[in-house]
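The following exercises are meant to be worked through with the sequence and the structure in view. Each task is followed by a solution in steps.

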Amino acid sequence: MSQELDPITKAIRIRAPKTLQNEHSSPLYLTSSFTFDEAETMRAAFADENDENIYSRFSNPTVDEFVAKMCALEGCDDGFATSTGMSAIFSTFMGLLKSGDHLLCCSSVFGSTFTIVNKYLPRWGITCTLIPANDKEAWEAAVQPNTKMLYLETPTNPQLEVIDLEWAGQFTKKHNLIFNVDNCFATPLLQRPVDFGADIIVHSATKWIDGQGRVLGGVIVGRKDLIKEIYLFCRNTGPAMSPFNAWVLSKSLETLDVRMERHCANALKIAETLQSNPNVSWVKYPFLKGHPQYDIAIKQMKAGGGVLCFEIKGGVVAGRKFLDALELLSVTANLGDSRSIASHPASTTHSKLTDEERASVGITPGLIRISAGLEKAEDVINDITQALEKSMA
């Protein structure tokens, strides 16, 4: 091209090489392995002397297309796609950390991530310190001689705390740490952690990237040298993305920009409306002026994202009644769908945590998470409002 393209345009136009059929839409390379015309070519492939595909656990043209699009959107050198978002997160830990290393992690993280860093990493001699997302003094105090990585979500799931990526980038550079960011809630359309010094960025592609609740997937992008280590771990342990899922996700990226505009607009409208609801104690959304980190959010994000949360009066009992009273919204553990979704983390995604652990990561008894879909905002608001009224009965 004679001109440099916008990353959004690249995500639409990047594709696997055309076959002899000259198809307009990228083909699906649904194969487990690839053949070689000569033994020497196969030998060179296994010796990493060429870029020939060997086996779809290692690489696949359809998966490579998806990864290339994500690298363009995030502004990163290289990447690897995994079977799920959690396998992406786990692979960054296992590919880059070793026994004796220490991990810094924000305390308000997704429930499964919390379990990995607290239950499983210690089995391999990797220790972790959980720190309140915006307690900068605590972050400094937690650094140890063997600290290797800082891992965070922003906005966090499901409390929607926003962490200052500029500060975090300076902090990790000061202490020579790998800066690992879960960018799932913001997507690369709203926030690019690499611009603030992130070394590794992970996504659950199951969420906004798919956008219609169809397939599972995860993706890791970042510095080429770090991705190589993660790739070698994944190549040998097997958490590879299936070609079919990659094909679906690659097509989904072509509409991510227009979808996120609607998701964000709906989420903001719902959040603004709920602020005056008498059955709600508080509402949190990054682009609400009352959000504790509003100034940080507008500095590093283009919009507030598609998720909002609020505290329903009446705690756990009211939260369950609220879910049962919904008529339009889906009740499911997923988010980032074209259909609006409600969940009650205390009784679902974070239910395996103790009361003390839930409190430590900000999961209050009446916390409700809403993933704003693509419906008309008024219809979603009406359903939430009537369910709130019934939950008080």
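Helices, taken as H or I, are DSSP runs of at least four residues, and strands are E runs of at least two, both numbered from the N terminus. The model examined here is predicted.

**Exercise 1. Locate T113, decide whether it is buried or exposed, and list its contacts outside the local sequence**.

Solution.
Step 1. T113 belongs to helix α5, which covers residues 111-120.
Step 2. Buried means under 20% relative accessible area. T113 has a relative accessible area of 0%, and therefore it is buried.
Step 3. When neighbours within four places in sequence are left aside, the contacts of T113 are M86, I89, Y151 and E153.
Step 4. The helix itself can now be placed: α5 lies across β2 (102-106), β3 and β4 (147-153). Relative to β3, α5 runs at about 135°.

**Exercise 2. Establish the strand order of the sheet and identify its edge strands**.

Solution.
Step 1. The sheet is open and consists of seven strands, in the order β1-β7-β6-β5-β4-β2-β3, with mixed pairing.
Step 2. β1 and β3 (127-131) are the edge strands, since each pairs on one side only.
Step 3. On average, neighbouring strands of this sheet are turned by 20° against each other, with direction ignored.
Step 4. Helix α7 (residues 165-174) packs on the sheet and touches β2, β4 and β5 (178-182). The direction of α7 makes about 155° with that of β5.

**Exercise 3. Determine how β7 pairs with β1 and with β6, and name bridge partners**.

Solution.
Step 1. Strands of a sheet pair through backbone hydrogen bonds, either parallel or antiparallel.
Step 2. Strand β1 (residues 78-82) runs antiparallel to β7, and five bridges join the two. A81 has V219 of β7 as its bridge partner, and F80 stands opposite I220 in β7.
Step 3. Strand β6 (residues 200-204) also pairs with β7 in the antiparallel sense, over five bridges. Here V202 is partnered by I220, and I200 by G222.
Step 4. For comparison, β5 and β6 run parallel and are joined by three bridges. In this pairing, the partner of D182 is V202 of β6.

**Exercise 4. Decide how far β6 and β7 are covered, and sort their residues by the side to which they point**.

Solution.
Step 1. In β6, five of the five residues are buried, so this strand is largely enclosed by the rest of the structure.
Step 2. Both faces of β6 are covered: I200, V202 and S204 lie on one side, while I201 and H203 lie on the other.
Step 3. Strand β7 (residues 218-222) is mostly covered, with five of its five residues buried.
Step 4. From β7, G218, I220 and G222 point one way, whereas V219 and V221 point the other way.

**Exercise 5. Classify F244 by its accessibility and name the surface patch residues that accompany it**.

Solution.
Step 1. F244 is placed in helix α10 (residues 243-253).
Step 2. Partly exposed lies between the buried limit of 20% and the exposed limit of 50%. F244 has 40% relative accessibility and therefore counts as partly exposed.
Step 3. Together with L28 and L30, F244 makes a nonpolar surface patch of about 280 Å².

Methods: Residues numbered from 1 in each chain as written. Predicted model: local features only at pLDDT ≥ 70, side-chain atom pairs only at ≥ 80, totals over all residues. Heavy atoms only, no water. Patch = residues over 30% accessible without salt bridge, like charges linked within 9 Å, V, L, I, M, F, W, Y side chains within 5 Å. Areas by Shrake-Rupley, 256 points an atom, 1.4 Å probe, with all protein chains shown as cover. Salt bridge = Lys/Arg side-chain N within 4 Å of Asp/Glu carboxyl O. Buried < 20%, exposed > 50% of the residue type's maximum accessible area, 1.4 Å probe, protein only. Pairing = 2+ DSSP bridges. Contact = heavy atoms within 4.5 Å. Axes fitted to C-alpha atoms, helices over the stretch in contact; angles between N-to-C directions.
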